[in-house]
Amino acid sequence: MELDEYLPVLQRTNARFAEAAAEAVLAHGWRARVPGCPDWDLADLVWHLAEVQHFCAWVVGSRAQDPSGYAEPDRKPDDELLAFLAASSAELEVALDGAEPAEPVWTWAPRRDVAFVLRRQVVEAVVHTADLELVLDDLRPIPADVALDAIDEWLEIELPAALPDGPPDGAHPVVLHAVDADAERTLFPGTRPFPIAVLTGNAGDLLLALWRRLGIEILTVDGDPATAAAMLNLVRLE
């Protein structure tokens, strides 16, 4: 994806998240469990994305170089969560629209600029929207270009953060073949002469398997499925 494509994707995804959140609450109530985040209910999920976006809006809007100045908001009661979500999403979108991608800001990663925040928040919103859609049993396709970019972000950012010392002993390459994007990526390349498996599917399904929202049984597996699943599970995500 190009830099100018991220903000429109974030805006569309935020709108879908808000729509799905309201639908899920009406259908199941705030205490409904979230399959992709087993420790969370719907209120926890909505609060999480709203608070993350509130924080990132402050980082970008203030061009913060240190997170210590952030004033954490109080946890909102359930009946105020959707309003806080709408306000946080709008604030983040405005802040990102008014900032140059190369402007330096604090992030938790080695790359510290607005472009990192923009890309990361697209991934955050896309994955958590899928969480809501799984509650609703209405999982919608993720556009191939968005999903492939999010897979790249997972490999480039999430993987090194989870495994700062590199692949552990016993790691095997796993090839990810995104048929709708006509692209392949490899987890743990070079750790063995040959991959333990090739996982084939749409980029969105591959992305959600990496984030443990879907099991690899929704993919076509050429090779050893048990070891391939174990390779994905080596990456413990926060």
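A residue counts as buried under 20% relative accessible area, as exposed over 50%, and as partly exposed in between. By that yardstick Asp137 is exposed, because its relative accessible area is 72%. Keep in mind as you read that this is a predicted model. The points below walk through its salt bridges, its aromatic pairs, two backbone spots and a charged patch.

**Salt bridges**

- The count of salt bridges comes to 16.
- Arg16 and Glu133 join their side chains in one of these, at 2.8 Å from N to O. This pair links distant parts of the chain, with Arg16 in helix H1 (residues 3-28) and Glu133 in helix H4, 117 residues apart.
- Both partners fall on the buried side of the cut-off: Arg16 has 10% relative accessibility, and Glu133 has a relative accessible area of 4%.
- Arg16 and Glu133 also belong to a network of salt bridges that takes in Glu19, Asp138 and Arg140.
- A salt bridge of 2.9 Å (N to O) brings together the side chains of Glu156 and Arg119. Glu156 sits in helix H5 and Arg119 in helix H4, so this contact ties together parts that are 37 residues apart in sequence.
- Here the two ends differ in cover: Glu156 is partly exposed at 45% relative accessible area, whereas Arg119 is buried at 17%.
- Arg185 and Asp152 meet through their side chains at 2.5 Å, N to O, in another salt bridge. Since Arg185 lies in strand E4 (residues 183-187) and Asp152 in helix H5, the pair ties together parts that are 33 residues apart in sequence.
- Arg185 is partly exposed, with 26% relative accessibility, while Asp152 is buried, with a relative accessible area of 14%.

**Aromatic pairs**

- There are 6 aromatic pairs in the model.
- Trp58 and Tyr70 make up a tilted one, with 5.5 Å from centre to centre and 50° between the planes. The pair links distant parts of the chain: Trp58 belongs to helix H2 and Tyr70 to the loop between H2 and H3, 12 residues apart.
- Trp58 is partly exposed, its relative accessible area being 23%, but Tyr70 counts as buried at 12%.
- Both residues are part of a cluster in which ring pairs link Phe55, Trp58, Tyr70 and Trp106.

**Positive phi angles**

- Most residues other than glycine have a negative phi, which is the background for the next two points.
- Arg63 is not a glycine, yet its phi is positive, at about 55°. Arg63 is placed in the loop between helix H2 (42-62) and helix H3 (78-97), and it is partly exposed with a relative accessible area of 27%.
- Asp137, another residue other than glycine, also has a positive phi, near 55°. Its place is in the loop between helix H4 (114-136) and helix H5 (144-162), where Asp137 is exposed, as said at the start.

**A negative surface patch**

- Glu2, Asp4, Glu5 and Asp145 form a negative patch on the surface.
- Asp145 belongs to helix H5.
- Patch members need over 30% relative accessible area, and Asp145, partly exposed at 42% relative accessibility, passes that cut-off.

Terms used. Residues are numbered from 1 along each chain as its sequence is written. This is a predicted model: local features need pLDDT of at least 70, side-chain atom pairs count only at pLDDT 80 or more; totals for chains, interfaces and linings use all residues. Side-chain values use heavy atoms; hydrogens and water are left out. Helices (H or I, at least four residues) and strands (E, at least two) are DSSP runs, numbered from the N terminus. Buried means under 20% relative accessible area, exposed over 50%, partly exposed in between (1.4 Å probe, protein chains only). Patches are made of residues with over 30% relative accessible area and no salt bridge: like charges are joined within 9 Å, nonpolar side chains (Val, Leu, Ile, Met, Phe, Trp, Tyr) within 5 Å. Accessible areas come from the Shrake-Rupley method with a 1.4 Å probe; for residues, only the protein chains shown count as cover. A salt bridge is a side-chain nitrogen of Lys or Arg within 4 Å of a carboxyl oxygen of Asp or Glu. Lys and Arg count as positive and Asp and Glu as negative; His and the chain ends are not counted. The place of a charge is taken as NZ of Lys, CZ of Arg, CG of Asp or CD of Glu. Rings of Phe, Tyr and Trp (its six-membered ring) pair if their centres lie within 6.5 Å; planes under 30 degrees apart count as stacked, over 60 as edge-to-face and the rest as tilted.
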